[in-house]
Amino acid sequence: MSDNAITGEVSNSKIAAVFDTTAAARAAAAAVAQALDLQPAQVQVITPDEPHADAKLEPESRGIWRTIVVAHLRLCIVGAIVGALVFALMMWLGVLYIVQSPWAAGLVMTGFGALAGLMLGGLVALRPDHDRYIQATHDAMAERRTTVLVHAFSVEQKNAAADFMSARGGEVTRTL
């Protein structure tokens, strides 16, 4: 059900729609769930006094650990393959240092490719796109406003929810 093969989460696409009142937020949450046929767990309301806001923002703690492992593993393999392809290209081009020490050059280039993949996997695991989404919710709580969270299963579902919430007066923040 994941829309991204690099992560291990069910919902990679999320929105936070901030409303001035709890009543408006709850009405919007019920309406978006019905209009888009969302499951109850996909739509959450965070009031200013919510004690478990972070758990609602990122409910997939097991999915996050799976994202860390899957992102690192898959991107490491992709990086190693890219490094090996660059090595093969340089061998084919006859680059002097590569041709003179093919075993060492192949190992180094494949290793650096794998290392670059691991670093990219770390960036994916950090989920920098979620910072704005989380910060918008925390800012709304500090301002005594209420947030509706939608954990979409696809980019299309996320965009439809964002458009729906914007039309109802919500200030929408999205993840990638």
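How much of the accessible surface of the chain belongs to carbon and sulfur atoms? In this predicted model, the share is 66%, out of an accessible surface of about 9,800 Å². As for the interior, 41% of the 176 residues of the chain count as buried.

The overall layout comes next. The chain holds seven helices and four strands, and from the N terminus on its elements run β-α-β-α-α-α-α-α-β-α-β. The radius of gyration is 22 Å, well over the 16 Å that the globule rule gives for 176 residues, so the chain is more spread out than a compact globule. Taken along the principal axes, the box filled by the C-alpha atoms is roughly 75 × 30 × 25 Å. As for contacts between residues at least 6 apart in sequence, 79% of them join residues at least 24 apart. On the charge side, there are 13 positive and 16 negative side chains, and the centres of these two sets sit 3 Å apart.

Helix 1 covers residues 22-35, and its length works out nicely: at 1.5 Å a residue, its 14 residues should span 20 Å, which agrees with the 20 Å between its end C-alpha atoms. The buried residues of this helix are A25, A28, A29, A31 and V32. In an α-helix there are 3.6 residues a turn, so residues three or four places apart point the same way. The cover over the buried residues of helix 1 includes strand 1 (13-19), strand 2 (43-46), strand 3 (146-152) and helix 7 (155-167). After helix 1 comes D37, with a positive phi near 55°.

Two residues further along the chain deserve a look of their own. T173 sits in strand 4, which takes in residues 171-174. With a relative accessible area of 14%, T173 falls under the 20% cut-off and therefore counts as buried. Setting aside neighbours within four places in sequence, the contacts of T173 are K14, I15, A16, R132, Y133 and A136. K14, I15 and A16 fall within strand 1 (13-19), while R132, Y133 and A136 fall within helix 6 (130-142).

Helix 6 is also home to D139. Its relative accessibility is 36%, which lies between the 20% and 50% cut-offs, so D139 counts as partly exposed. Although D139 and V18 are 121 residues apart in sequence, their C-alpha atoms are 9.6 Å apart in space.

Note on methods. Residues numbered from 1 in each chain as written. Predicted model: local features only at pLDDT ≥ 70, side-chain atom pairs only at ≥ 80, totals over all residues. Heavy atoms only, no water. Helix = DSSP H or I, 4+ residues; strand = E, 2+ residues; numbered from the N terminus. Expected span 1.5 Å × (residues − 1). Buried < 20%, exposed > 50% of the residue type's maximum accessible area, 1.4 Å probe, protein only. Contact = heavy atoms within 4.5 Å. Rg over C-alpha atoms; globule rule 2.2 N^0.38 Å. Areas by Shrake-Rupley, 256 points an atom, 1.4 Å probe, with all protein chains shown as cover. Lys, Arg positive; Asp, Glu negative; His and termini not counted. Charge placed at Lys NZ, Arg CZ, Asp CG, Glu CD.
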